[in-house]
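Let's take a walk through this protein, stopping at a few spots worth a look. Pull up the model and follow along.

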Amino acid sequence: MSCLQTRTQLSESQELRDRGRSQKMIQTNAKIFGMEGDPDLQFLLKGGDLLKVRSSSWKKTRFFKLQEDCKTMWHESKKLFKTNQTFSLDNISAVRVGRQSEGLKKNTEEQVECRCFTIVFKGRRKNLDLIASSDEEAKRWVSSLQKLVSTMNSLNQMQKTEHWLYTCLKKADKDKDDKLSQSEMKNFMRIINIEVDDVYTEMLFQKCDKSKSGFLSGKEIEHFYDLLTHRQEIDVIYGEYAKTTGFMSAENLVEFLMKEQREKASLVNALKIIEGCEPDENAKSKKLLSKDGFLMFLHQQDAMILNSGHKDLYQDMSRPLSHYFISSSHNTYLLEDQLKGPSSTEAYVKALLKGCRCVELDCWDGPDDEPIIYHGYTLTSKILFKDVIAAIKEYAFKTSDYPVILSLENHCSVEQQKTMAHHMSSILGSALLTSPLGDTMPTDFPSPEELRGRVLIKGKRLNKLEVSFAEEAAAGEDTDVTEEDESGSDNENDEEPKERKKKKLKLAKELSDMVVYCKSVHFNGFEDAKKNLSFYEMSSYKEGKAVKLAEESANAFIHHNVEKLSRIYPAGSRADSSNYSPVPLWNAGCQIVALNFQTHCSDMDVNQGRFLVNGKSGYILKPAFMRDPRTEFDPITLTRGDWLQHKTMHIMVISAQQLPKVNDKKSSIVDPLVKVQVYGVPADVAEKQTNAIENNGFNPSWNENFQFDVYVPELAVVRFVIEDHDSTSNNEFIAQYTIPFSSLNMGYRHVPLLNKNGDVLPSAGLFVHIMVEDAE
C-alpha cells in the first residue's frame, strides 16, 4: 500500500470519527432540549442558503446552519480574515415574518414580501434581514427558529446548566476523543470561569480518575460533573428537613415552606410540588422529594425571589390615570446618542415591548409634505412620522393592554400638522382617543382600565377642553412656549437655539382636537396650577427643575400630582443619552418620569425593576398616601403618618452560579462581589457589599449577612448587583436584578440575573436568604 493510500484512509477514518462525535453531540443536546428527532431541529442543523440584505445594492447569498450545540447559528462571511460569523439563539429577541423591518421596507420590493423575514436581536445588535428562495422556505425558517428559541426559553435551570456544561466540556476536549486529560480539565475550569492551581487540579483529577488511566471518560466525566455542580448550601438546607429516611416527605416540605419561606402551605400544595419537581419516579411514587427534586423546586419561577402573586396583574386599575406611575421614554426614536446617533422605528418597538406606556415623537417638517422625526438641530438620522405611527399601531399592546401616551414635541407647519393628524387617524383608527369618555365634560381622569387598548395624544391644544363641548375653534396661534420649556425653567442645556424658541407655534385644529386628557401647558407654580388649570392640563419639567421642586416643595408637588400629570425629561446636556435617577421624582408622585431607554445603566435597571410587577403593564398604582389630596407625606422630612411602616430587612448573600465572564478571554476569570442596594426615600437609601471571591465565577460562596432599615417600604426598590472586583480600577459590571421591596419573597430564594441590556442570563443565578420583620 502506498503512502498516499495510507494517508487517504487515515483521513477518511478521521472524518468518520469526527462525524460520529458530531452526531453524538447533536443527539445529547437534542435530548436535553426534549427535541430528539424533531424535524424543525433537523432542518436548522442541515442549513441552507439565504439572501442577506444590508442595502438596496448589498444583497448577498450566505449559508446559514445550526451548530452541533443546537444553540449557535453559524453563517459564512466573505470578510478578509473572517471565515464565519456566529450568534447564539439566546440573543434572539424575535423572528418576524415579512418586510416588517426598516431595512427590508427600504431595500426590497413588495413582491418578495412572503419570502422575507428578520431576526431581531436583544441589546444594540443590528437586525439581520434575510430573503429565502421561496415562500414555503421562509415559513420553514421562521417557524423552526421560533420553535427552537421558544424551547430554549422554556428550559428549566438544571437543563440550562446541563447544556452549558456539556458544551464547555466539548470545547475543552481539544483532541476530540471524548476524554479529558488533566490539562484539558484545567482548561475546562477556565472556560467555566474558575482558576485553580495545579495542585488542586491534580487532586480533583485523581478523585475522578477511578480507572487510573490518566484521563477521564464516561462515568468518570459524569462524576466530575456531579462534583462541579454539587452545592453544599443545598445539602445543609435539605438535611435540616429531610427527616423521612433521608428524603423529604410532603409533611417535611410543608414545614420547610411555612417555617423558612413564610408561605401558607398545605399537604395538597406539597404533593403538587413533589409531582411536578421530583425526577426520580421511585421517590415520586412514594410521595417523597429527593435533593435533586428539592433543588429543582427552588429553581421554579414561583419559588424564586419575586412574589408570584405580584408577577401578573394584581393592582386596582380602576383609579384615575394620575394615581399611577407610568413607564416612560424620552426621545424614544433614538438608538444611541442625542447628537449623531441613528433614529429608528425599531427603538419604539423595543420600548413598547419592554412595557413602556409613554413614548416621545419629536416632529419636524419633512420633504414631500411628509413629517419626519429626529432630534432637531442635530445630525441624528430622520424617520417618517407615518412609519413610527405604523410601528406603534403594531406593537403598542403586545406586552400590555393599558393605554399608550404619544408625547408630541411639535415643530411642524400647520399643513404638516394636518398630515400628522391624518396619519394618526387613518393608521390608529378606533384605538386613537379623540374625545372624552362619556357624554358630559369630565372632572377627573378615566382609569387605565377604562382606557384599555387606547392611544392618547399629549401636546398643545388651541383651547380648553370645556370649550370643545360648546363651540368650534378656528386655527390660531398657540400662546404657550414650546414643550421643552413648559416648566418655566431657564434655557440652560437646551438644544434649540434661543432665537428659535421665541417663535410662536401655529397649531392645526385637526391636531389640536386630538389632545384630550394630556394638554401641554406652561408651569407657573403650584398655586397657579391649583387655581387656574384643569385636571387634564399638564407640564413637562427638565430634570434639574423637577429635582429642585422635589427637594424644596415635595409635599406641594405630591398634592399637585394627585390630580394632575407631570412629565420629567433629561437635561439637554445629556448628549450621550445618559440618564438621571427617577427615584426622587417618584417620591414626589411624578407619574411620567421619562428615561433614555436605549441607555443601559443603574437608573434604567431601577426603572425596569419598578415596573417589573403588575403584569409588566407599565402602570404601578401609587401608595394610598400619595393619592390622598390631604396627604402630609414629605419624603424628605418623613413626619409621622401611615407611610411610616418601619421594617428591618435581613439578607444573607449565600452563593452564585455560572456567572458570565466580563470578557471572552479564556484566561480572564472574574473575582465576584455582590452589592445590595436599597433605593427609596432618602432615609432608606443604603448599600452594602460582600468581600470579593478570587478567581471563581462558576460557584462562588459568600455566606455574608446584612441588615437594612426601611421606613417607607411602599416606595423602596432593592437591587442586587454583581461586579468583578478590580483593585487598580473601577469594578466591572457582571449582572444585576432589581425588584420592588414589597414584592420580595422571604426565605431561601434564587435571584435571576440580567445582563447590562436587561435581558436574562440563561444559566446564571444568585442564591440568598431574606427575612423582613416589623422593626421594634
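Contact here means heavy atoms within 4.5 Å. With that in hand, start at tyrosine 679, which sits in strand 24 (residues 672-679). Helices (H or I, at least four residues) and strands (E, at least two) are DSSP runs, numbered from the N terminus. Setting aside neighbours within four places in sequence, tyrosine 679 is in contact with Val583, Ser602, Val606, Leu715, Ala716, Val717 and Arg719. Its side chain also joins that of glutamine 677 through a polar contact of 3.2 Å. A polar contact is a pair of N or O atoms within 3.5 Å; within protein, one must be able to donate a hydrogen and the other to accept it, and residues adjacent in sequence count only if both atoms are side-chain atoms.

A word on where this comes from: the model is predicted, so local features need pLDDT of at least 70 and side-chain atom pairs count only at pLDDT 80 or more, while totals for chains, interfaces and linings use all residues. Residues are numbered from 1 along each chain as its sequence is written, and side-chain values use heavy atoms, with hydrogens and water left out.

Next, the loop between strand 21 (592-595) and helix 25, where you'll find asparagine 596. Is asparagine 596 buried or exposed? It is buried, because its relative accessible area is 0%; the cut-offs are under 20% for buried, over 50% for exposed and partly exposed in between (1.4 Å probe, protein chains only). The side chain of asparagine 596 reaches the backbone oxygen of serine 577 at 3.3 Å. Beyond four places in sequence, asparagine 596 is in contact with His330, Gln338, Pro570, Ser577, Ser578, Asn579 and Met604.

Helix 25 (602-610) also takes you to a cavity: along with strand 28 (732-740), it supplies at least two residues of the lining of the second largest one. On a 1 Å grid over the protein atoms alone, a cavity is a set of points where a 1.4 Å probe fits but cannot get out, and lining residues have an atom within 4 Å of a point. The structure holds three cavities of 30 Å³ or more, and the second largest has about 60 Å³ of space. Grid points are joined across faces, edges and corners, and a volume is the space filled by probe spheres set on the points. Asp605, Gln608, Gly609, Leu612, Gln736, Tyr737, Thr738 and Leu754 line the second largest cavity.

Now for the packing. The largest nonpolar core has 103 residues, and Leu361, Ile392, Leu406, Met424, Phe720 and Leu766 touch the most other members. Such a core is a set of buried Ala, Val, Leu, Ile, Met, Phe, Trp, Tyr and Cys residues joined through side-chain atoms within 4.5 Å. A second, separate core of 32 residues includes Phe43, Phe117, Ala132 and Val149.

Finally, look at helix 9 (residues 232-241), home of aspartate 235. Aspartate 235 counts as partly exposed because its relative accessibility is 25%. Its side chain makes polar contacts with those of histidine 230, at 2.3 Å, and lysine 291, at 2.6 Å. Helix 9 is also one of the elements that the buried residues of helix 10 pack against. Those buried residues of helix 10 (residues 250-259) are Ala250, Asn252, Leu253, Val254, Phe256 and Leu257.

Methods:
On a 1 Å grid over the protein atoms alone, a cavity is a set of points where a 1.4 Å probe fits but cannot get out, and a pocket is an open set with protein on both sides within 12 Å along at least five of seven lines; lining residues have an atom within 4 Å of a point.
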